[in-house]
Every structure is written in structure tokens, then in C-alpha cells.
Amino acid sequence: MNLEKILFGFFILLALTLNFGFFIGDIDNPDHHDELELFAAIVVSLVATILKFGDRTHIGAVLLSTSLVADLHLIAAAVVWGLAANVGEDGVTSAAMASVVSLSGGALLANIASVVLLVIETVNIRR
Amino acid sequence: MAEVFIIFFRRMRAPLLVLIGAYSIAIVGLVMIPGVDEQGNPWRFDFFHAFYFVSFMASTIGFGEIPHDFSALQRMWTVVAIYLAVISWLYAIGTILSLIQDPVFRRAVAHRRFIGRVRALGEPFFIVCGCGESGRLLIKELARRNIRSVAMDAHQDALQDLELEDLPFEVPHLLGDASRPELLNTAGLTSPNCRGVLALTSDDHLNLKIAITTKLSNRHLMAVSTARTADTMANLASFNTDHIINPFYLFADHLARALHAPKSHLIYRWLVQSAGKPLREVKTPPRGTWILCGYGRFGKAVARYLNYEGIATVVIERDPEASGAPEGAVRGRGTEAVTLREAKIHQAAGIVAGTDDDANNLSILMTARDLKPDLYFVARENRLENNPLFHAAGVDFIMQSSRIVVGHIVSMIITPLMDRFLRQARHRDEEWAGRLLEQIRQVGEGFTPETWSVTIDDEESPAVLGSLAKGLDVTVDSLQRDPTERRRLLPTVALMLVRDDEEDLLPEGHTTLRPGDQLLFCGASGQQGRMQWAQNNEHVLHYLVTGTERAESAIWRHWLADRRRRRETGNPAEAD
């Protein structure tokens, strides 16, 4: 057992679960999607990205790229939300909410890919 | 590029994690804590404003309490957040600074930059392995002729010295073992612009490996290598190294030539030496017994060549048995009067101070001069920086390994015609050499001349090709005439004409040129540029060949023809 491996798996999985938690619910209903959860998803996703830095293996490179995709989606979602809440005249409308949640849906796919890759790698090692 | 990024992010992992942690703690705290605005309404940070506030707070820019004045609890949390964030930033910046100074990282960056520079060269270049005295001198000589080079050396000091040289353009250089194939590849071995690899390190074995790598990766690439032992020379020759240079043999050969053909030797000196130096006569070495101090690789080469010339030598060597000195060798260094006397200095004609230590060589010279001032002094100069000392010591013949090597390489690869000329000139007698020396003396006006080659082709002399096609009789000396006054000859000497792969030394002035001819000239500095007038401008060449101006436009042509006709019909008054 290796603390680094535990942390690595933990953050990748946590990024997925938080992402999923935020994503689930009616797509255009702000009550079903928590701000804090999106924030947590972003932070955890960033941490997962940094943990993947500097891995020279092929699978490490693919893991890093899926993570970067997830970061990009989540940050885009946060920016859309921030714009709707602070700049737009109507506040967070259901249309704005829908685009935030669909962006996080994209991140969810990337995170799923990350976890699948992690599982494949683990299986290969444990054989 | 990849290495630089990987090293950077690997090192930045911990500081980035700390930063993200500090930011998220500060932001979440601010979002949670309730505040009261100026009207007494409760409010809370949203994530956007919290991130905004933390961003300027953490970087210590501090715009103030935005958007409303804070409550006491918010201020307490801000204090915590300030310390968290500022310390994390210090940690991150500290890591970046130490990373920039890290030798591994710097090397990765330098390597990356080197690859980029080599790729950007875009013109023919040579790879110079070994940036010692010879390597630097060679790079300088190449640069003077506008030829690019790429340098490699295993020692940082040598590369730093190279960087301090005053060169017209930047020479990309790499720290590393030049015999490693992948490093040679990054230096551009596989680049289509690479013209050859010059192995000039002080280690024979290393040179051998460099030459092998070069020949294996591209058979047609030129490989030049220095070698200091016969063993390595044979080894290098076995896989077709293009040029193998042994500075000791070269020098001994020059010395021997100075003995039996002093004038022919002087031609070599004057033409190969860099142009614009004062012409110096060389005292002819006397025949008689010579004393040889030091019987290493240098001493052996000199002894061999002197013996060819039928000159007896007395060897002074510190360890005669180990160095395999001939019988009758005197044990000692030669720096003391005792050993010199034992070697019968009073009967000697010349002395060679050939140890590998400059101080010892100078000491030998001084001692010998005290004992017998009229000796002929030959000295081996190991380091160029000691040159003024050797000149002050009044040495008649100085052996500078790096100058010999560089002069040889330059004449071989940069001016192959020169090399050909010198080879042919060796077979001529002293009378011929004497006449040529006199000509060089006249054109150079007391300085060593420049040498250059001219090919009669589309690129170098379009005017000559054009005029030949029109049936004009362009001769060698028509190129050498002064473009402003054809009766005057430019101070130049036509050294050689190569036609159909055959050399014609000192061609006659009235030899008619043919397309494809190659000519080698020497002359005072600046004459090459004046000669190019005739090579490039048909009107100038027409004037030089025929002595008449050719009209450049139709009206002028008509007017001139008219004038000429009138003059020919014998009516000078009307013509004027």
C-alpha cells in the first residue's frame, strides 16, 4: 500500500463523484445544483490535475489530458454562472443554468474516462 | 521542450497544491461567513466576489474591503487567509527561483535552446567537437570567412571562453560528450546543411569515436580528426576519415622543409598565415648537430624528420628508458647548463625545446642562449597565450599546435584550391619559389596577402561567361586589370589555373579563359572586391579586354560608332 497511490485514486474518484453530484437533477432548475458543490468539484479537479503532472508514461499523459479537459469544462461552467449572476440583467435564468449543467456534464464524461483509465492501469498491475 | 515542462511541473507539484488549498480554504470561508452592508442588510460573498477578493488579497495588492465593509468575523477570517495565502505564494515563488538556478533544469533549458538554434541556422555549417585552443581558433577563422559552425565540448570553461570571443554571429554550443551519437545528432549531424564534423578534442580516443559516428551516420559527410599517435592515425584511416591531422608530424614536416627548401617553405608560411600580417623572413635552419629536448610524441616526430634530412640529433630526456630514446641520450630536462653541456651544446647548430611545458621550454631557451647565443632556436609553444614570451625569447621557429592544425584544416576544407596549389608547389625548385616570393612581396606591400578563388561560372563570374559566349578573348590578366585604368594591373598574382582537373601553376597572363576554369589568386587586401567588377559587369570587362568603352544604350552606341567612323576616316577636327 502506498500513500501516494491512495491519494491519487482518491482525488480522481472524488472529482468524478463531486462532478456527478453537481450534475444530477433537473438540468434547468437552479435549486437542484449547488454552488458549493461546483466549487468543490473545480478544486478537486485541479488537485487531481496537479497530481498527474510529471508522469512520463503514456497512460499518465492520457490521464493528464482527460483531467485538463475536465478542468476546462468546469471552469467554463463557473464562468458562465458568474456572468449570469453578476453581469446578466435577468440573473441566473433556467437557460443559463442549463448551459452550466451541460458543461459540467462534459466534465463528467472526461472524469469517467479518467476513472476508467485508472481502473485499467490498476488491473494491469494486479493481473 | 517536453523535458523542460516535465521538470518544471514535477517540481511545482507541491507548491501548486498548497496554493490551491490555501485559495479554496480562503474562498469557502468567505462564502460561509455572513456580513452586514451599510444599510444594515445581511449579505454574503458569492463565489465570484470571494475569488476576486482573495486574488488581490493573496497577492498583497489589497484594494480594500469590497463590495461592503466587513464584519468583525469576516476580518478575522481575512487575517487567517492573508497568512495562508501569502506564505503559499512565497513557497511557490521560492521553488520557482531555486528551480531556475537548478543545474539540471538549466541544462535542460540550454539543450532545448541549442536544438532550436541549430535548426534555425539555415545555411551550411560545420560541427566543431572540442572547444580548446584549436577549436576556438578554427571557429574564429571560419567565422571570418562567413562560415557557420556549431560547437561542442565536455567542459563548461571552454564554452564560456568561446562565448567571450568576439565573433560576428552567435555560435550555438552544447555542453556534453561529443562522442555520444544522440548529442551529435542534436548538433545537426543529420541536418542537410551539415558540411562535416571536425574532431579537435585533446583525446585521441574521443576523436576516433566522433569520426566513426560521423562516418556511420552519413558516409558522405566530411570527417576531419586530429590524432597524436600513429596508432590512432592508422585507425582513423581504416574507415576513410577524410583528413587526419597530426600536428607533430605537420610541424616536423615544415621544419624539415625549411631545412632543405627554405623558399618553398616561406611560400607556405606567407600564403597560409592569416592575411594582413607583416611579412617576416624566416632564418634558414642550419645543418649540423641538433639538440632535442624532450623525446615525447613531438620529439620523436621531429627526430624522425630531421634524420630524413640527414641531420644528427642528440636527445635530452628526463626518462630515456620509458620514452624509448635512442642510445646516447642525455638524462635531464635540458633546463640546466650541465645537461646542455653534456649534450655538447658548443658543437651544436640548433636546439629544439620540445617538452610539453612552456615554462620549461622557455627555461631551456634562456639557458642555451647563455651558453651559445648563435644557436638556431626551435620551440614548442603549448599554449597560445604564452606567445609574447616566446617572441621575447627570440625564437627562430615556433611550433604552435593549434595554429598548425587550424591553418591546415582551413586550407583543406575552406580553400581546397590552396591545398592543391601547395601540394604542387612542393615539387617545384627553389628558383621557382624565389620568383614567386618576389611577386608576393611586391603585391603584398610588406604584408601577407589574401588568397581567394574564382570559378568561371554563372554564379561567380557571369560577365566572363557572357563575354566568352560573344567571342571575346578574355584572358587571365584581363581579370587582373584595374577597372578604372586598364593599363595598370591590380596588385595580384594568379597562382594557379585548374582546367579539366589539371593544375597550371602561375598561368601566363595571356591564357584565354574557358567556362568551368578555376583560378586561385593572391593579392593585397581589398583587391578581391575590385576584381569582382570585371567578373560581374560585362561593360567593365569589355573595356578591360578591348580598351574601348562599350555604349550602354542605343543612342550612345550610335553616337560612339559615328565618332569612331569619323576618326577612322581621318578627320580629327570634326571628331572633336
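Q: How many salt bridges are there across the interface of chain A and chain B?
A: In this predicted model, the rule finds zero salt bridges across the interface of chain A and chain B.

Q: And how many residue pairs are in polar contact there?
A: Two residue pairs are in polar contact across that interface, both at pLDDT 80 or more.

Q: Which element of chain A gives the most to the side that touches chain B?
A: That is helix α2 of chain A, residues 35-52, which gives nine residues to the side of chain A that touches chain B.

Q: What is the make-up of that side, in nonpolar, polar and charged residues?
A: The side of chain A that touches chain B has eight nonpolar residues, two polar ones and four charged ones.

Q: How many residues does the contact take from each chain?
A: Chain A provides 14 residues and chain B provides 15 residues.

Q: What area is buried between the two chains?
A: About 1500 Å² is buried between chain A and chain B, and carbon and sulfur atoms give 75% of that area.

Q: Which residues of chain A lose the most area to chain B?
A: They are A:F39, A:I50 and A:F53, which together make up 37% of what the chain A side buries.

Q: Turning to cysteines, how many disulfides does the structure hold?
A: The structure holds zero disulfides over all chains.

Q: Why is there no bond at B:C131?
A: The closest cysteine sulfur to that of B:C131 is in B:C129, and the two are 9.2 Å apart, which is too far for a bond. For a disulfide, the two sulfur atoms would have to lie within 2.5 Å.

Q: What about B:C194, why no bond there?
A: The sulfur of B:C194 also has its closest cysteine sulfur in B:C129, at 9.4 Å, and that is too far for a bond.

Q: Is B:C194 buried or exposed?
A: B:C194 is buried, with a relative accessible area of 4%. B:C131 is buried as well, with a relative accessible area of 0%.

Q: Now helix α23 of chain B: which residues are buried?
A: In this helix, residues 538-546, the buried residues are B:V540, B:L541, B:H542, B:Y543, B:L544 and B:V545.

Q: What do the buried residues of α23(B) pack against?
A: They pack against helices α20 (462-469), α21 (476-479) and α22 (527-536) and strands β16 (481-482) and β17 (485-489) of chain B.

Q: What is found at the start of α23(B)?
A: A side-chain oxygen of B:N537 comes to within 2.9 Å of the backbone nitrogen of B:H539.

Q: And which residue follows α23(B)?
A: B:G547 follows α23(B), and its phi is positive, near 85°.

Conventions: Residues are numbered from 1 along each chain as its sequence is written. Chains are lettered from A and ligands numbered from 1 in the order in which they are written. This is a predicted model: local features need pLDDT of at least 70, side-chain atom pairs count only at pLDDT 80 or more; totals for chains, interfaces and linings use all residues. Side-chain values use heavy atoms; hydrogens and water are left out. Buried means under 20% relative accessible area, exposed over 50%, partly exposed in between (1.4 Å probe, protein chains only). Contact means heavy atoms within 4.5 Å. Buried area is the accessible area (1.4 Å probe) that two parts lose on being put together, summed over both. A salt bridge is a side-chain nitrogen of Lys or Arg within 4 Å of a carboxyl oxygen of Asp or Glu. A polar contact is a pair of N or O atoms within 3.5 Å; within protein, one must be able to donate a hydrogen and the other to accept it, and residues adjacent in sequence count only if both atoms are side-chain atoms. Helices (H or I, at least four residues) and strands (E, at least two) are DSSP runs, numbered from the N terminus. Ala, Val, Leu, Ile, Met, Phe, Trp, Tyr, Cys and Pro count as nonpolar, Asp, Glu, Lys and Arg as charged, and the others, Gly among them, as polar.
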